[in-house]
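Please look through the sequence and the structure shown below, and keep both at hand while reading the report that follows.

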Amino acid sequence: MARVKFDRVIKRYGDNLVIKGLDLEIQDKEFLVLVGPSGCGKSTALRMIAGLEEISEGSLYIGERVVNDVHPKHRDIAMVFQNYALYPHMSVRENMGFALKLKKTPKAEIDRLVDDAAKRLELTHLLDRKPKALSGGQRQRVALGRAIVRNPQVFLMDEPLSNLDAKLRVSMRAEIKKLHQQLQTTFVYVTHDQTEALTMGDRIAIFNAGFMQQVGTPFEVYNRPVNTFVATFIGSPQMNLEAAKLAFEGDRAVVKSGYFTFNLPRTELMKEGDVLVGFRPEHLVPGNAGDANLLKAPVEVIEPMGSEAYVYLKGDKGNVIARVGEEFIPKLGQELSLTIDPAKVHVFDAAGDGKRLN
Ligand SMILES: Nc1ncnc2c1ncn2[C@@H]1O[C@H](COP(=O)(O)OP(=O)(O)OP(=O)(O)O)[C@@H](O)[C@H]1O
Ligand SMILES: [Mg+2]
């Protein structure tokens, strides 16, 4: 069992509170991604699992055991860092086998494990090279290989792809997912890149300023973000947010923004007054003159994306981003009429943390 559980974990550096009470249970064999902006506490959370940072308050479990005071060596984890941290004077084979050698594993066994991992990662022909004679992607695979040979209960990865070019990053993303499926172990993966989080995680935990904002499957956090932070952090280009007023009419809530009026089911969280309505660029669709909700605005910028384009509209009531298909790409300055299905609309509190109301 390689469950990892944070139970009211707090981390302070002196007076600086960087993890502000974390409750999170990572399931056995799960691929969990920690994502959030720079400085939000992702690496700190990961390093606490590894035992590289002390825990100020609360308990951290690996399996059934509280590991707050267990030495990193005895936690049965392996960590892959952003800068790979390979030993420059050792060959790929020596780098990959080094941890096993320290553990006094017999040489024949080390060779077998290193050969296995090298085959899995397509490194066999590079085993005698030194790291400086490898490409970035190859070095990254050696760093993964070094973790694999230890057969840990939990793999920890801190931005392992951020030094790779865009194309290699995409292929390594798939490689790491494949590895997870083959190894059937728990992976905890840190990134600041929301695309990486969405494409790789079984679940995603979104952090901001030391707080975990939401944890859920990629579909849950994308389709039902709990607050405006998650709504705008997950998804690119980001969700449109517009100021609006909410008023009750019987069991319905009428939400009026500059462009739209939505008649939505009333929920217990809603109150009359100021709210924000959110809608994603892909949910705006070409409208007709008769539509109740019609946004008309001229196109200011067009961003072609191959089979589709993002268009930036400059309306008199605020700017809006919409996604349009290639059959429908407008000209600069052209006026677009767009509408939206009310079922795709998000309503958030205009005050406080901007929590979701619908
Ligand atoms: N050793 C330390 N002493 C004091 N403060 C620290 C220390 N390490 C990290 N911090 C602070 O803790 C906060 C969280 O840092 P952390 O490295 O976990 O962020 P992160 O989410 O991984 O960011 P990034 O995406 O930039 O890597 C930051 O404000 C950072 O300045
Ligand atoms: Mg970090």
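## Strand β7 and its neighbours

In this predicted model, strand β6 (residues 77-80) pairs with strand β7 in the parallel sense, and 4 bridges link the two. One of the places where this pairing can be followed is Ile77, whose bridge partner in β7 is Val154. Strand β7 is also joined by 5 bridges to strand β8 (residues 186-191), and these two strands run parallel. Here the residue Met157 has Tyr189 of β8 as its bridge partner. Between β7 and β8 the chain passes through helix α5 (residues 166-183), and the β-α-β crossover made in this way is right-handed.

How many residues of strand β7 are buried? Strand β7 covers residues 154-158, and because 5 of its 5 residues are buried, the strand is largely enclosed by the rest of the structure. In a regular strand, side chains alternate between the two faces of the sheet. In β7, Val154, Leu156 and Asp158 point one way, while Phe155 and Met157 point the other way, and all of them are buried.

## Two loops with unusual backbone angles

Most residues other than glycine have a negative phi, and most peptide bonds are trans. Asn151, which sits in the loop between α4 (136-148) and β7, has a phi near 45°, a positive value in a residue other than glycine. Asn151 counts as partly exposed because it has 13 C-beta neighbours inside 10 Å.

Gln184 belongs to the loop between α5 and β8, and its phi is also positive, at about 55°, although Gln184 is not a glycine. Is Gln184 buried or exposed? With 9 other C-beta atoms within 10 Å, Gln184 is exposed.

## An open sheet and the shell around ligand 1

An open sheet of 4 strands, with antiparallel pairing, has the order β2-β1-β4-β5. Its edge strands are β2 and β5 (65-66), each of which pairs on one side only. At the β5 edge, strand β4 (residues 57-62) and β5 pair in the antiparallel sense over 2 bridges, and the bridge partner of Tyr61 in β5 is Val66.

Strand β2 (16-26) also takes part in the surroundings of ligand 1, since β2 and helix α1 (42-50) each supply at least two residues of the shell. Which element gives the most to the shell around ligand 1? That element is α1, with 3 residues. Among the residues around ligand 1 are Tyr13, Asn16, Val18, Lys42, Ser43, Thr44 and His192. By class, the shell has 3 nonpolar, 8 polar and 1 charged residues.

## A buried glutamine

Gln213 lies in strand β10 (residues 211-216), and it counts as buried because 20 other C-beta atoms lie within 10 Å. Leaving aside residues up to four places away in sequence, Gln213 touches Ile206, Phe207, Asn208, Val226, Asn227, Phe229 and Val230. Gln213 and Glu308 are 95 residues apart in sequence, and their C-alpha atoms are 31 Å apart in space.

## Two domains and the region after the first

The protein is divided into domain 1 (4-232) and domain 2 (237-349), and the C-alpha centres of these domains lie 38 Å apart. Where the domains meet, 5 residues of domain 1 are in contact with 7 residues of domain 2. The side of domain 1 that touches domain 2 has 2 nonpolar, 3 polar and no charged residues.

Pro237 lies in the loop between α8 (228-233) and β11 (240-249), and the peptide bond from Ser236 to Pro237 is cis, with omega near -5°. Further along the chain, strand β12 (residues 252-257) and strand β13 (residues 261-265) pair in the antiparallel sense over 5 bridges. These two strands form a hairpin with 3 residues between them, and within this pairing the bridge partner of Lys256 in β13 is Thr261.

## The protein as a whole

Taken over the whole chain, the protein has 8 helices and 20 strands, and its C-alpha trace spans about 75 × 45 × 35 Å along its principal axes. Of its 358 residues, 37% count as buried. Among the contacts with a separation of 6 or more, 64% are accounted for by residues 24 or more positions apart.

Notes: Residues numbered from 1 in each chain as written. Chains lettered and ligands numbered in written order. Predicted model: local features only at pLDDT ≥ 70, side-chain atom pairs only at ≥ 80, totals over all residues. Buried ≥ 20, exposed ≤ 12 C-beta atoms within 10 Å, placed from the backbone. Contact = placed C-beta atoms within 7 Å. Domains from an automatic or database assignment. Nonpolar A, V, L, I, M, F, W, Y, C, P; charged D, E, K, R; others polar. Pairing = 2+ DSSP bridges. Near = placed C-beta within 6 Å. Right-handed = clockwise from strand over helix to strand, strands pointing away.
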